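Here is a small set of exercises to work through with the model open beside you. Try each task before reading its solution.

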Amino acid sequence: MKSPSDAVALTPRLLTSGGFDLLYREGMGLIEEVAAYLDGEGRGESKALSRDAAFIYATESMRLTTRLMQLASWLLLQRAVNEGEISPEQARSEKSKVKFSALPSDRGGPGWDDIPETMKAYIAKGDRLFERVVKFDRIERGEELPAEPEGENALSAQMDRLKAAFGGL
């Protein structure tokens with residue numbers, strides 16, 4: 001049986017290949033979309049919400065904005081490495097200053113159901129992207145990811161990780 005150290009290290013290759021370009025475009029595109037929504041349509045939608053829903057909307061928009069700015073920092077640093085503008089060591093040093101905020105483990109409560117569907121969709125997209133980047137970051141730092149269940153097919157597990165990393169594309 002092979003150990004995890006026998007696995008092919010895909011993350012460094014993905015981060016310096018077209019896989020990163022896709023992640024970068026997706027991340028920066030989402031940042032632009034969310035900013036436009038919050039500054040336009042979302043602003044109008046939020047004014048029509050009940051007090052409870054408006055509070056949740058404001059909280060979630062701040063959380064989403066914070067996470068997206070953290071992602072932007074990480075993506076820009078990685079792009080600088082890929083383009084040879086800074087060394088991987090410099091990027092690791094700077095990335096260590098980017099503290100990813102945890103995703104909320106539970107969402108809901110009074111007013112949640114009244115949040116506009118567009119906002120809920122952006123929250124979900126942001127969460128998925130955030131999880132992918134955090135996973136890349138942890139692997140790049142050499143941190144252990146949670147162990148796979150015993151007896152799982154190694155190829156199937158690797159394919160699942162690739163799907164998760166690329167958002168099922």
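**Exercise 1. A pair in helix 5**

Which kind of interaction do the side chains of Glu89 and Arg92 meet in?

Solution. Keep in mind throughout that this model is predicted.
- Step 1: look for the N to O approach between the two side chains, which comes to 3.5 Å.
- Step 2: apply the cut-off, which asks for a Lys or Arg side-chain nitrogen within 4 Å of a carboxyl oxygen of Asp or Glu. Glu89 and Arg92 therefore meet in a salt bridge.
- Step 3: place the pair on the backbone. Both belong to helix 5 (residues 88–95), and because they are three residues apart, about one helical turn separates them.
- Step 4: check the surroundings of Arg92, which is partly exposed at 36% relative accessibility.

**Exercise 2. Two further salt bridges**

Find the N to O distance between Lys97 and Glu94, then compare how accessible each partner is.

Solution.
- Step 1: the side chains of Lys97 and Glu94 form a salt bridge, at 3.1 Å from N to O.
- Step 2: Lys97 has 56% relative accessibility and so counts as exposed.
- Step 3: Glu94 has 35% and so counts as partly exposed.

Now turn to helix 6. Is Lys120 buried or exposed?

- Step 1: Lys120 is the salt-bridge partner of Glu117, with 3.5 Å between their closest N and O atoms.
- Step 2: the two residues sit three apart within helix 6 (residues 117–140), or about one turn of that helix.
- Step 3: the relative accessible area of Glu117 is 57%, so this end of the bridge is exposed.
- Step 4: Lys120 reaches 16% relative accessibility; buried means under 20%, so Lys120 counts as buried.

**Exercise 3. From pairs to a network**

Which residues are linked in a network of salt bridges?

Solution.
- Step 1: follow the links among Glu60, Arg63, Arg67, Arg107 and Asp127, which together make up the network.
- Step 2: set this against the full tally, which is nine salt bridges.

**Exercise 4. How helices 4 and 5 pack**

Work out the relative direction of helix 4 and helix 5, and list the residues that bring them together.

Solution.
- Step 1: choose the descriptors. Two packed helices are described by an angle between axes and a distance between axes.
- Step 2: helix 4 (residues 51–82) meets helix 5 at about 170 degrees, and their axes lie 9 Å apart.
- Step 3: an angle over 145 degrees counts as roughly antiparallel, so helix 4 and helix 5 are roughly antiparallel to each other.
- Step 4: on the helix 4 side, the contact involves Trp74, Leu77, Gln78 and Val81; on the helix 5 side, Pro88, Ala91, Glu94 and Lys95.
- Step 5: sort these residues by character, and they give five nonpolar, one polar and two charged.

**Exercise 5. A glutamine in helix 4**

Is Gln70 buried or exposed, and what does Gln70 contact beyond its sequence neighbours?

Solution.
- Step 1: Gln70 lies in helix 4.
- Step 2: its relative accessibility is 13%, so Gln70 counts as buried.
- Step 3: set aside neighbours within four places in sequence, and Gln70 is in contact with Val98, Lys99, Phe100, Ser101 and Phe130.

**Exercise 6. The whole chain**

Sketch the overall make-up of the chain.

Solution.
- Step 1: the chain holds seven helices and zero strands, giving the pattern α-α-α-α-α-α-α along the sequence.
- Step 2: of its 169 residues, 34% count as buried.
- Step 3: among contacts between residues at least 6 apart in sequence, 79% join residues at least 24 apart.
- Step 4: the chain exposes about 10300 Å², with carbon and sulfur atoms supplying 55% of that area.

Key. Residues are numbered from 1 along each chain as its sequence is written. This is a predicted model: local features need pLDDT of at least 70, side-chain atom pairs count only at pLDDT 80 or more; totals for chains, interfaces and linings use all residues. Side-chain values use heavy atoms; hydrogens and water are left out. Helices (H or I, at least four residues) and strands (E, at least two) are DSSP runs, numbered from the N terminus. Buried means under 20% relative accessible area, exposed over 50%, partly exposed in between (1.4 Å probe, protein chains only). Contact means heavy atoms within 4.5 Å. Accessible areas come from the Shrake-Rupley method with a 1.4 Å probe; for residues, only the protein chains shown count as cover. Axes are lines fitted to C-alpha atoms, for helices over the stretch in contact, and angles run from 0 to 180 degrees between N-to-C directions. Angles under 35 degrees count as roughly parallel, over 145 as roughly antiparallel, 65 to 115 as roughly perpendicular and the rest as oblique. Ala, Val, Leu, Ile, Met, Phe, Trp, Tyr, Cys and Pro count as nonpolar, Asp, Glu, Lys and Arg as charged, and the others, Gly among them, as polar.
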